[in-house]
Amino acid sequence: MTTPSLVTSLPGPQAAAIVERNRLSVTPSLPHAYPLAVKRAQGTMVEDLDGNRFLDCAAGIAVCSTGHCHPRVVQAIHDQATRLIHICGADFYDPMYIALAERLSNLAPGQSPKRTFLGNSGAEAVEAAFKLARYHTGRPGVVTFFGAFHGRTMGAVSLTASKSLYHEGFGPMVPGVAHVPYAYCYRCHYNLTYPACNLACVDAIEDTWFSRSLPPEQVAAIFVEPVQGEGGYIVPPDGWLKKLRALCDKYDILLVADEVQSGMGRTGKMFAVEHWGVEPDIICLAKALASGMPISAMIAREGVMDWPPGAHGSTFGGNPVCCAAAQATLDVVVEENLLEKATRLGETLRANLNDLAAESRLIGDVRGLGLMVGVELVKDKHTKARAKEEAEQVVQACFRRGLLLLTCGPNSVRFAPPLTITAAEIDTALSIFADALAEVESMSL
Ligand SMILES: Cc1ncc(COP(=O)(O)O)c(C=O)c1O
């Protein structure tokens, strides 16, 4: 599998049959971006049941950072599976759990000693952080941001505010959560411009929420995605995260960085917060942590993780096979220089997308860090009216051409390829994207 095939008719017969079986037996709550039914994948290439090949710039929603089935990860999974598959790190002492906790605790930014809890999914890491923040501070309140996605379990979904669909029919949400505007400079909630704004959106948390409806002494934590993911791949301006940290310090509020999507090298640093030199009190990781094996981590400052035995745990969390995959993933990220690669190729990708934006009617904004790159589509560059259908159509048109992308936010397209992607593959992705965009632009004339 080297280059994507030009796919003209999708789904093929085998994929169509799978889509039908899915319709009859699988929960209808799964959204399914397009009729992709995968047989196998290697590196950046995905092959469907009908033999169509796709260049993967979605990576299973920013998960397969080392590429699909990286040989070192596969070997580590195999070796561990022949030794021990499960023991339960909650009830017994699992050396694999402990070794990964040691590595992550040492890797996390900042000088203060850390401790790590391992779970199975991003939502579980967030859930653990939510519980720990309340437990440690004895305060019920939490601040999160509009556009945030923190997961779908009851606590995590209460923190989420990217689509009202996620709340609809599930209320009441967990009480004590307030949502405030994110630093989305392209669409500043306060109609201000950076840097003249002096980061007024952070001041507003204090001046509006803390002074009117949410006493800061009742706030346990501010949960933040250092780069907002599902909300639209939004990069906050320099100084914003630092100012948020200072606000937290002023009121003894914990700063929780949800790095489930931005972590593990995606932005060109192991943790996105490192771009701004900020040390959170708690960090949540999942997705790319083990190249596709289900594991998550909640890393907290030692003094914060003060709950007693039994207060929190998980049967499967930190499963030894997943821990082995995570160790191999970290080795690959370091030894194959994937941070440097994400930085370099991300710059190329954004530069080319910006060139495309200059000629395109639809591209309103190109943004990102490393290989976490978003392209926001608008109907009009002055009014910035959201081009929701067009964003969806571009992703579908890319799929038909053999490129896997996903939307994010109401009207953006995200590029989150494996960090192992080559410069030539980035070129291929760009030319398919340009072609698909031209098709959609010609349709919406
Ligand atoms: C920032 C962030 N947090 C949490 C989650 C939830 O992760 P999971 O789907 O593994 O529960 C996601 C998933 O997209 C995410 O992007």
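## Where the two domains meet

In this predicted model, 22 residues of domain 1 are in contact with 22 residues of domain 2. On the domain 1 side, the elements that chip in two or more residues are α10 (338-359), β11 (363-369), β12 (372-377) and β15 (412-415). Of these, α10 gives the most to the side touching domain 2, namely five residues. Sorted by class, that side of domain 1 has 10 nonpolar, seven polar and five charged residues.

As for how the chain is carved up, the domain assignment puts 13-56 + 337-443 in domain 1 and 72-335 in domain 2. Take the C-alpha centres of domain 1 and domain 2, and you get 26 Å between them.

## The seven-stranded sheet

Next up is an open sheet built from seven strands, in the order β4-β10-β9-β8-β7-β5-β6, with mixed pairing. Which strands sit at the edges? Those are β4 (114-119) and β6 (177-180), each of which pairs on one side only. On average, neighbouring strands of this sheet are turned by 20 degrees against each other, if you ignore direction.

For a look at one pairing inside the sheet, go to β5 (residues 141-145) and β7 (residues 219-224): these two run parallel and are joined by three bridges. On the β5–β7 pair, Val143 has Ile222 of β7 as its bridge partner.

## Helices against the strands

Helix α4 (residues 95-107) packs on the sheet, where it touches β4 and β10 (296-301). The direction of α4 makes about 130 degrees with that of β4.

Then there's helix α8 (residues 240-250), which lies across β7 and β8 (254-258). Against β8, helix α8 runs at about 145 degrees.

## A stop at Pro31

Back towards the start of the chain, Pro31 is found in a loop, the one between α1 (13-25) and β1 (38-42). Is Pro31 buried or exposed? Pro31 counts as exposed, because just 6 C-beta neighbours fall inside 10 Å, and the cut-off for exposed is 12 or fewer.

How far apart are the C-alpha atoms of Pro31 and Leu362? They are separated by 25 Å, with the two residues 331 apart along the chain.

Notes. Residues numbered from 1 in each chain as written. Predicted model: local features only at pLDDT ≥ 70, side-chain atom pairs only at ≥ 80, totals over all residues. Helix = DSSP H or I, 4+ residues; strand = E, 2+ residues; numbered from the N terminus. Buried ≥ 20, exposed ≤ 12 C-beta atoms within 10 Å, placed from the backbone. Pairing = 2+ DSSP bridges. Axes fitted to C-alpha atoms, helices over the stretch in contact; angles between N-to-C directions. Contact = placed C-beta atoms within 7 Å. Domains from an automatic or database assignment. Nonpolar A, V, L, I, M, F, W, Y, C, P; charged D, E, K, R; others polar.
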